[in-house]
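I opened this entry to look up how the protein meets the DNA and how the chains meet each other. My notes follow.

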Protein chains: 2
Amino acid sequence: MRSKQPTIWDIAIKLNVSISTVSRALRNAPDINPETKKAVLDLAHQLDYQPNTIATSLRKNKTDIIGVMVPEFVHAFFPSIILGIQEVANAAGYKVMVMQSGESLEIEKHNLQAMVSSRVDGLILAITRETNDYEHIISAQRKGLPIVFFNRVVDELQGSKVMVDDYKGAYIAVQHLIQTGCRRIAHLAGPENMTIGRNRLNGYLDALKAHQVPIEDELIMHCDFVDGRARACTQRLLTMENRPDALFAVNDPTAIEALICIRENGLSIPDDIALAGFSNAPHGAFVTPSLTSVVQPIHEIGGLAAQLLLRQIKAPQQFIPETHVLDTTLVIRQSTRAKPE
Amino acid sequence: MRSKQPTIWDIAIKLNVSISTVSRALRNAPDINPETKKAVLDLAHQLDYQPNTIATSLRKNKTDIIGVMVPEFVHAFFPSIILGIQEVANAAGYKVMVMQSGESLEIEKHNLQAMVSSRVDGLILAITRETNDYEHIISAQRKGLPIVFFNRVVDELQGSKVMVDDYKGAYIAVQHLIQTGCRRIAHLAGPENMTIGRNRLNGYLDALKAHQVPIEDELIMHCDFVDGRARACTQRLLTMENRPDALFAVNDPTAIEALICIRENGLSIPDDIALAGFSNAPHGAFVTPSLTSVVQPIHEIGGLAAQLLLRQIKAPQQFIPETHVLDTTLVIRQSTRAKPE
DNA sequence: GTGAAAGCGCTAACAA
DNA sequence: TTGTTAGCGCTTTCAC
């Protein structure tokens, strides 16, 4: 903002005191005459004085801002997490600066630079699906930027991580499909370089193995969180000569794409094809048929990530990376068949 | 970020030049020896130097950040708009700082203070449903903060505004309901202190009048964007002795609440009750039955708001507030009846 | 083409 | 209890 706003200097002049006195009054330091203080605060109020946090940040070498970067926030998943982050951060006196990478590595790099340049005190990050080179992230960490990773987590990076039990979630979802009579279960999978994609795939595979359902490679389709790809993959699955009788999708947006495709093909869910997702969103309850999905504690993820980050910011020297794995549960709705008695 | 990062000083020392030379090289000023410049840039790269934008902002009295505050971003509407804002802002070299007020006036005030203190260069704002006192906003404007309002717009505030043709949208939606045979059309309305609520209500009323459909006050329910209220209102409408045969909802989240309530009551849409919304979101296409809704150019809203703001930031003295009203159209889906031939 | 120096608004020794 | 002063990292005159 370009215009001239009142500074402590203006207050000092009018009150015939020094700027340090004003500064003390404003930050209610202990060693100040109550009357002086009152005069300062009154005048500050009257002038509608707002401290220039730019100056404070420069001086104190901290901004009290934590950055958050997510791939997108059009779906409800990341916004819900950000909500959790904001609650914890604001309560601790921090502001939150949100950016989205749009699933683009280039934008991620650019935004990260901006965050570093803005000297955010810490960052909570879910990387893009494209991110396979981590130099920009490691470089920021080398500069001393504390980073907590969540959701999209990767072994190559060090730091605190918040994730959910993807393996178990996938396992119970697929097990449920098997127990309700499905035998050819396809998987609309996520990126294999990410833990999230690998673990969900492994849960899927192990559930099949444990129940002696044969694994068929052509039933595993990598959609990788790319918009539209799930639809194409589903279409391909539906036109196979021996089409699958169930789909397990790596997340809910993927599942909803599949759902639409199945409907368009005039097939019925769950009778022709059962469908289960992995809950990124509350919207699964509203589609028809409503979506059976693995539920994760969305709000908690954000809050926990913020807590870990704040701890690291406040005591960087005694920081030890922590990985938290939150529990997942299955919510059974209409898109999967009823269990036989 | 607390740790010590390289500064122009470090570069200057190593190269045995002055900091002004380094500064010039870094901003590629014209009057500098190409060799000096190259040396500086090389070293900067090697040290992984990132300029401290805090210092630059303080010095230049501008941050190149524009703030965005919205009531919430769990529904897709505001995130989509933010996307449009970011595109335009980033292309112009601005960063975007997003905050949400959570529909709370208190948080709105607090966040606005934070934005002012952070000296954002401008603000794009959709006020909360609670905001009926505008002093905090006017005060920020008095300080010279350019603000563009959108979606939730109010007569009492001056400044550029981006809105859609709410009146027309409501009118054509209700007209469609009438033309498809509905006669008792209820309205799940928005807050009356906002243009958005008033205009949609007026469109509803005028469409009824124009088609000689009697207006019944008890069919107008004020849900005011409060979560859960649409559900309660719908329940009340459904249990009226002479229940309505159509609902026009002020926005899609409201419509979806109504849809769920109607389904729970075992009534069929659109046969028992037709339903139309006002599109805040693309999700209307996925619910069953899919939602007839007034569509607004979401992406354009954000882009336009950003353009207006940037123009005002860059030439504040010759700024004249502009109000833009974007067009709306009706998308007919399954939640309303077919037109008679 | 380069350097010296002032200053953006604030905090925090240190002195008085 | 208050004032003086240095300085956070950078840009920008003004000299040279």
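I began with DNA strand D. Of its atoms within 4 Å of the protein, 59% belong to sugar or phosphate and the rest to bases. The model is predicted, so I noted the ground rules: local features need pLDDT of at least 70, side-chain atom pairs count only at pLDDT 80 or more, and totals for chains, interfaces and linings use all residues. Residues are numbered from 1 along each chain as its sequence is written, chains are lettered from A and ligands numbered from 1 in the order in which they are written, and side-chain values use heavy atoms, with hydrogens and water left out.

**Strand D**

I listed the residues around DNA strand D and got 25, with A:Ser20, A:Thr21, A:Thr36, B:Tyr49 and B:Arg59 coming nearest. A residue is near a strand here if one of its heavy atoms lies within 4 Å of it.

Next I looked up polar contacts (a pair of N or O atoms within 3.5 Å; within protein, one must be able to donate a hydrogen and the other to accept it, and residues adjacent in sequence count only if both atoms are side-chain atoms). A:Ser20 puts a polar side-chain atom 3.1 Å from a base oxygen of DNA strand D. A:Thr36 has a polar side-chain atom 2.6 Å from a phosphate oxygen of this strand. A:Asn33 uses a polar backbone atom, 2.9 Å from a phosphate oxygen of DNA strand D.

Which element gives the most to the surface near DNA strand D? I found α4(B), with four residues. Helices (H or I, at least four residues) and strands (E, at least two) are DSSP runs, numbered from the N terminus.

**Strand C**

I repeated the search for DNA strand C. Here too 25 residues surround the strand, the closest being A:Tyr49, A:Arg59, B:Thr21, B:Arg24 and B:Thr36. Sugar or phosphate accounts for 63% of the strand C atoms within 4 Å of the protein, and bases for the rest.

B:Ser20 reaches a base: a polar side-chain atom lies 3.2 Å from a base nitrogen of DNA strand C. B:Thr21 has a polar side-chain atom 2.4 Å from a phosphate oxygen of the strand. For B:Thr36, a side-chain N or O atom is 2.6 Å from a phosphate oxygen of DNA strand C. The largest share of this surface, four residues, comes from α4(A).

**Chain A against chain B**

I then turned to the protein interface. In contact (heavy atoms within 4.5 Å) are 52 residues of chain A and 52 of chain B. The two chains bury about 5,200 Å² between them, 55% of it on carbon and sulfur atoms. Buried area is the accessible area (1.4 Å probe) that two parts lose on being put together, summed over both.

How many salt bridges cross the interface of chain A and chain B? The rule (a side-chain nitrogen of Lys or Arg within 4 Å of a carboxyl oxygen of Asp or Glu) finds two. I looked up B:Lys143 with A:Asp48, whose side chains meet in a salt bridge at 2.7 Å, N to O.

I counted 18 residue pairs in polar contact between the chains, both at pLDDT 80 or more. On the side of chain A that touches chain B, β2(A) gives the largest share, six residues.

**Symmetry**

Last, I superposed the copies by least squares on the C-alpha atoms of residues with pLDDT of at least 70 in both. A rotation of 180° with 0.0 Å of shift along its axis puts chain A on chain B, RMSD 0.1 Å. The copies are thus related as by a two-fold rotation axis. In chain A, A:Val287 comes closest to that axis, at 2.3 Å (C-alpha). I also noted that 100% of the interface residues of chain A are interface residues in chain B, so the copies meet through the same surface.
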